[in-house]
Structure formats: C-alpha cells, structure tokens
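Please open the structure in your viewer with the sequence panel beside it, and keep a selection tool at hand. The stops below say what to select and what is there.

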Amino acid sequence: MIFNNKNEEIVAEGFTAKEWIDLLKGDKQKDAARALNYFDGQQEKELIDVLNDPYRGRAEWKRKGITPRFRNLTKMIVEKSGLLFKEAAPVLEVFKQNEVTADEAPTQFVAEELAKLEWAEFANNLDQTVRLLKTALVLVQWDADDRQLTLDILHRGNCEVVINPATRKPRALIQRYSDEGDYAIWTLEERIFLKQSSDGAIQVTEREPNPYGVVPVAVFYDTNAPRTGFWVEQDKSIVNLNEMVNLHITDSEYSIKWSKLSTGITNMRPAGGQAASETIGSGADTDAVTVLGGPGEVVVLDSMGVESPFFKYEAPQIDLLSLDNVVNTWIQSCAADWSVKVHTTNQTAANSGFQLMVEEMSNLDLRKQRQRMFENSFKRFYRVVSRILNVAYGRNVLDEQAEMFAKFASPALPVDQAAQEEIWSKKISEGRATVIDYFMQVEGMSKEEALSKYEEIKAFKEAAAPVASPEPLIDHANSITEQQSNSQALSQ
C-alpha cells in the first residue's frame, strides 16, 4: 500500500481519492455546470442564487415582492450558432490507409453499431455541448448485457483529465456519474469506483482491470484546439449576459408594479399599533419614512413628535423603454460574437434574399470552421470505437489503423419555401427551366428519379383528365340538313 506524507492512501496516478474528487470542485467545473443549467432551462434556480447573493443580489427580495423572471437566452443563441447536427447527422465512412475510396464493409459495420443507439439525439446533444463549453468528450464503453456500445457525454462540469505532457492525450480521468456522490476513475490499467457519503467520507467500492488498455474517450473541440493543455477555455459571455438579462427582467417587473400603483409615503407613524407595509429607516429615527399601502386600506397616523408631518402618494417614473433598448443592444452584440443575428422589437427582419445572405454569412463560415474540427474529432472517435469493438467481439472486427471521415452536408442559407416555389413556377412557365431541373436541384433527386417522377405525374394528370363527350346524333343530323338547305338556297 502506498501512502503520501499525510498518511493517505494513494488511489491512482499519485492522487488520493479525496484529491481526485477535489479536481471536480474547482471554479472551472462550477462555470461549466452553471452554463449547462442556463442552457437546460434551470434559469430559476440560478436566478434565485443571484438574488440571494449579498453583493450582486437584492436584499430581502421575497419580502419586497420581487418575483424571479427569466428568459433562456443561452439556448436561443447556441441553437442558432452554427450547429452541425440540427438538420442531419454526417455520413461516416471508414477508409483504409492510403485508399481514396471508402471501405464498404467496416463503414457498414460501424453504421449498424451506431444504429443500435439513439445516435441522432446523442449527436445533437454532443454538438450543443461542444458549442457551449468549447470542449466535450465522448466516453465509449461496451454493454455486455445488451451487446452494444454505450456513449456518454463528458465535459468539464462532470470530469477532469490527467494528460501525458508529451502527447497531451488522456492518461487518466475522473468522472462523476451521479449526483449521489458516485465517481469512476479511468487509468490505462484499471477502473476504480468511489462513493462519497454526505459527511464527506470516501470509500473505494470496486476496482477492476481496464480491458481496453486506453482511456476510452474521444475529445471534440468547437472551433480550435488548445495551444497548451487539454481544455479549450469556456466563453462565459453568453451566460453572464443571460444572468444580466434575467435580473433586468425581474427588476423591470418590480418597477412596473410600483409605477402602476401610487404609494403612500409619510414621516408619521401608524397609530394604534397598526403595521406598515414597509418602513424605510430606523424606528428610532424621527426622519424615518414609512411606506403605507395599498388600495382599500385605511391607516390612522400619529403625528405626535413630528415637526412637519406630511402624507403624499408617489409613483416612480422610470423610462423602461430606454433601458430595454440598452439591454437589447448588449444582446445583439453578444449574439454577433456567436455569429448569430438577433432581431429585437425595434428591428425588422431581412426582407430580401441578399440581405438574408449577408446576415447569415458569418454563421455559414462558422459552420465550415466547426466542420473541419469535427472531422478531426471523428477520427479520434473511430480509434476508440474500433478498440472497444475489437475487445468486445474478441477479434479484429475493425482495422484500428484505418481512418474515419465525416462528410457533412454543405451549409445552406435558410430558404423561404413559398418564394422559392413561386420563382421556380415562373422559370418553368417562361421556358427557362423544366420540371426535371426542379426535381434535381430542389428535391435532390438524381436525373433518373426526376424523369421517373415526371412520367408518374404526367400519367396521373392524363388519367384524371375528363373525357370529351361525343356530339348528340340528332344535333349532327340537324347540322347536315341545315347545310344542305343553305347550299340549295345559294344555287337558286
């Protein structure tokens, strides 16, 4: 058994169990957890924490009648900010070394293994997490009972990594996998499970060999890899903005309430032991101002000892519109940093295709940049997946030296469907395009599929067209008789 100079047992990689768990209690971990709370909609909890803060909050906010109000600005901006999996997941292909065409067998095998999972939902959550926190990891394991892969998203809020300084690859990591004090430590040699009780005591509950020989995680980066270390630092601007907006909305509602209801203010005291709604100043201070409220209440005042008694109704006059405009400007500026165009109440949306293209250009560039980073990330993902599957199946089902390439759909501008249909109808009617062109360019059909669809529609129209009725025989006979009479009249 190895102990440090504090006589604490070394668990792994030179760290005691407590030191491992303490890695997850730093400021970086708190910032990541806070950002995810904002994104996942736990706005009220975070806002209440701010209101209770002795420096940033609002003193006695509950007694004053302040109600927490919030808006999920974080989710709104992130979901518009260059996400790659929102429309469709990329096509994943496996290539042997020095080959220019995909290897069909391993490509199909990986596709079948991922199809067993809820891959589309997982990939979308991974994309959002990477965009918000700048770094995320995919933990790959094998479920022996269900005979399939399991994937988990790790991030700085629930894991910490110890890297090899030379390669910057994970040498070990600790993962918190429940809120009840359950942790797992991965090293190259083993996996260790820890349990921390409510009193802080830590117990090693299980140790088992690591069957994979690697820490089975693949790291995904957002727009750039770190210059040093393992993590790309989180951009906290959007979360800080969300906090400010929530406080602004909360304060504005409170201000509106006081602006609507004029408040009785006096320097006298309620007589007969009546309670005031709120007292401003010390009770022993003769200059104290008492706020008496509200509609329908009658309060008897005692002017004894007050030299110049007064009573008046006042309502604060606050220009909330100007304050809103300032906050909206801040929102637009922060959104622009995330390559997102935000339209507020005093702005109009794009009214032309060119204007829309100008607005969305930075977002398209961002998507291209993120695609390049994710292409490298999927190469790391394949190395881990191939190792896990080879161990799970007990044979080399995948070549670990091969590479996986992710083929993303080309970024496209948002389309006004009604306007697009009108443009194509005009092109076809003027002979500048055909229905075949429409099917190929808009619907994404091949030429053969477009021709087949065209013939199908043509046959349907011909079958549905009404059949012309023959002329009645009596009318035809009368027409012949009339023509003969006209001919006789002309000859005479």
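The tour goes through a pair of helices, some paired strands and a few single residues.

Before selecting anything, bear in mind that this is a predicted model.

**A pair of helices**

Begin by selecting residues 237-260, which form helix H8, together with residues 320-337, which form helix H9; their axes come within 11 Å and cross at roughly 165°. Since angles over 145 degrees count as roughly antiparallel, H8 and H9 are therefore described as roughly antiparallel to each other. If you turn the view so that one helix lies in front of the other, the crossing of H8 and H9 is a left-handed one. To display the contact itself, show the side chains of H8 that take part, among them Leu 241, Met 244, Val 245 and His 248, and then those of H9, including Leu 323, Asp 324, Val 327 and Trp 330. Sorted by class, this contact of H8 with H9 comprises eleven nonpolar, four polar and one charged residues.

**A strand with a partner on either side of the hairpins**

Next, select residues 182-187, which make up strand E8, and ask how many of its six residues are buried. The answer is six of six, and the strand is accordingly described as mostly covered. In a regular strand the side chains alternate between the two faces of the sheet. In E8, Asp 182, Ala 184 and Trp 186 point one way, while Tyr 183, Ile 185 and Thr 187 point the other way, and all of them are buried.

Now add strand E7, residues 170-178, which runs antiparallel to E8 and is joined to it by six bridges. Within this pairing, Gln 175 stands opposite Ala 184 of E8. The hairpin of E7 and E8 has three residues between the strands, and in it Gly 181 takes a positive phi near 85°.

Then add strand E9, residues 190-196, which is also antiparallel to E8 and is joined to it by five bridges. Ala 184 is again a useful residue to centre on, as it stands opposite Phe 193 in E9. The hairpin that joins E8 to E9 does so through two residues.

**Another strand pairing**

Move on to residues 91-95, strand E3, where four of the five residues are buried, so that the strand is largely enclosed by the rest of the structure. Selecting residues 403-407 as well brings in strand E18, which pairs with E3 in the antiparallel sense over five bridges. Which residue of E18 is the bridge partner of Val 94? Met 404 is that partner.

**Single residues to inspect**

Most residues other than glycine have a negative phi, and most peptide bonds are trans. With that in mind, select Glu 13, whose phi is positive, near 55°. Glu 13 lies in the loop between strand E1 and strand E2, and with a relative accessible area of 30% it is partly exposed.

Lys 134 also has a positive phi, near 75°, and is placed in the loop between helix H7 and strand E4. Is Lys 134 buried or exposed? Its relative accessible area is 10%, so Lys 134 is buried.

For the last stop, select Glu 421 in helix H11, residues 417-429. Glu 421 is partly exposed, with a relative accessible area of 29%. If you draw a distance from its C-alpha atom to that of Tyr 438, 17 residues apart along the chain, the separation is 9.5 Å.

Terms used
Residues are numbered from 1 along each chain as its sequence is written. This is a predicted model: local features need pLDDT of at least 70, side-chain atom pairs count only at pLDDT 80 or more; totals for chains, interfaces and linings use all residues. Side-chain values use heavy atoms; hydrogens and water are left out. Axes are lines fitted to C-alpha atoms, for helices over the stretch in contact, and angles run from 0 to 180 degrees between N-to-C directions. Angles under 35 degrees count as roughly parallel, over 145 as roughly antiparallel, 65 to 115 as roughly perpendicular and the rest as oblique. A crossing is left-handed if the near helix is turned anticlockwise from the far one by less than a right angle, and right-handed if clockwise. Contact means heavy atoms within 4.5 Å. Ala, Val, Leu, Ile, Met, Phe, Trp, Tyr, Cys and Pro count as nonpolar, Asp, Glu, Lys and Arg as charged, and the others, Gly among them, as polar. Buried means under 20% relative accessible area, exposed over 50%, partly exposed in between (1.4 Å probe, protein chains only). Two strands pair if DSSP finds at least two bridges between them.
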